[in-house]
Amino acid sequence: MQQRSLARLPLTRLLIAATIGSTLALAPLTAAAFESELFSLKNRWEHTVTELPANERESTLKSLAGEVEQLAEQYSNEASVLVWQGIILASYARERGGLGALGTAGDAREVLEQAIEIDPQGLNGSAYVTLGALYDRAPGRPLGFGNSDTAERMFQRALEIRPDGIDVNHYYAAFLQEEGNEQAAREHAERAVNGTARDNRQASDEALRRDAEALLNQL
């Protein structure tokens, strides 16, 4: 069959072809831009929670929360963006403290649950770790949504995904200590101390390893 040249194609078909070609060419750039922006947010969060003095963390996390909210509006179906929005909001709520932080903690819970609906693994278990910490630390009803049973369930799901994670074992150990189960708390604190830090979360994982060592000394 003889092929027709582009010059003989109707104008509308040329426009369609040009549009499809432009979309395909821009898609990798859009993905690269999204990943680059998220990478920057992760690095600045890491710096904030591990290196900034306490009196500077709240304002910086508030700014990061605003940035990640804008990113989440553009990429509302990207689980990784929503998980990081939840992590940053949870960190901001922790720094704010008190009843004023309940709304922020509730927002963190909501976006983390949305992320899990999109990706049941929740960024390799990170969504469940953060949810567990939120349910553990928030006050219970009627003021808040805190619930020990739900916190336990979130930590267990995270452990199924990443059993040797420093973060999940540390936070679960702290939870178990509060619940009065010192033997299990010691076991998970030891797993946190002996865990392997993630390449993209090395600073915060090493900080949690030190916290787990301090917890072991108390048990």
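This report walks through the helices, salt bridges and charged surface of a predicted model.

## Overall make-up

Let's start with the broad view. The protein contains nine helices and zero strands, so its pattern along the sequence reads α-α-α-α-α-α-α-α-α. Of its 219 residues, 43% are buried.

## Helix 9

Helix 9 covers residues 202-218, and its length is easy to check against expectation. With 17 residues at 1.5 Å a residue, helix 9 should span 24 Å, and its end C-alpha atoms lie 25 Å apart, which agrees.

Which residues of helix 9 are buried? They are Ser204, Asp205, Ala207, Leu208, Arg209, Ala212 and Leu215. Two charged residues, Asp205 and Arg209, are on that list, and both come up again below.

## A salt bridge between helices 1 and 2

The structure holds seven salt bridges. One of them pairs Arg44 with Glu67, with the closest N and O atoms 2.8 Å apart. Arg44 belongs to helix 1 (residues 11-51) and Glu67 to helix 2, so this pair ties together parts that are 23 residues apart in sequence.

Are the two partners buried, partly exposed or exposed? Arg44 has a relative accessibility of 33%, so it counts as partly exposed. Glu67, at 28%, also counts as partly exposed.

## A salt bridge within helix 8

Helix 8 runs over residues 182-194 and includes Arg191. Here Arg191 forms a salt bridge with Glu187, and the closest N and O atoms are 3.6 Å apart. The two residues are four apart in helix 8, which means that about one helical turn separates Arg191 and Glu187. The geometry fits a simple rule: an α-helix has 3.6 residues a turn, so residues three or four places apart point the same way.

Both partners are partly exposed: Arg191 has a relative accessibility of 27%, and Glu187 has a relative accessible area of 41%. Arg191 also gives us a link back to helix 9, where Arg209 is buried. The C-alpha atoms of Arg191 and Arg209 are separated by 9.4 Å, while the two residues are 18 residues apart along the chain.

## A buried salt bridge and its network

Asp205, one of the buried residues of helix 9, forms a salt bridge with Arg198, with the closest N and O atoms 2.8 Å apart. Asp205 has a relative accessible area of 1%, and is therefore buried. Arg198 stands at 16% relative accessibility; because buried means under 20%, Arg198 counts as buried too.

This pair does not stand alone: salt bridges with shared partners join Arg162, Asp167, Arg198 and Asp205 into one network.

## The negative surface patch

Which residues form the negative surface patch? The patch is made of Glu69, Glu73, Asp107, Glu110, Glu113 and Glu117. Helix 2 (54-74) and helix 4 (102-118) each supply at least two of its residues. Helix 4 gives the largest share, with four residues.

Glu69 is a good residue to look at in the patch. Glu69 sits in helix 2, the helix that also holds Glu67, the partner of Arg44. With a relative accessible area of 43%, Glu69 is partly exposed. A residue needs over 30% relative accessible area and no salt bridge to join a patch, and the 43% of Glu69 is over that cut-off.

Terms used: Residues are numbered from 1 along each chain as its sequence is written. This is a predicted model: local features need pLDDT of at least 70, side-chain atom pairs count only at pLDDT 80 or more; totals for chains, interfaces and linings use all residues. Side-chain values use heavy atoms; hydrogens and water are left out. Patches are made of residues with over 30% relative accessible area and no salt bridge: like charges are joined within 9 Å, nonpolar side chains (Val, Leu, Ile, Met, Phe, Trp, Tyr) within 5 Å. Accessible areas come from the Shrake-Rupley method with a 1.4 Å probe; for residues, only the protein chains shown count as cover. A salt bridge is a side-chain nitrogen of Lys or Arg within 4 Å of a carboxyl oxygen of Asp or Glu. Lys and Arg count as positive and Asp and Glu as negative; His and the chain ends are not counted. The place of a charge is taken as NZ of Lys, CZ of Arg, CG of Asp or CD of Glu. Buried means under 20% relative accessible area, exposed over 50%, partly exposed in between (1.4 Å probe, protein chains only). The expected span of a helix is 1.5 Å times one less than its number of residues.
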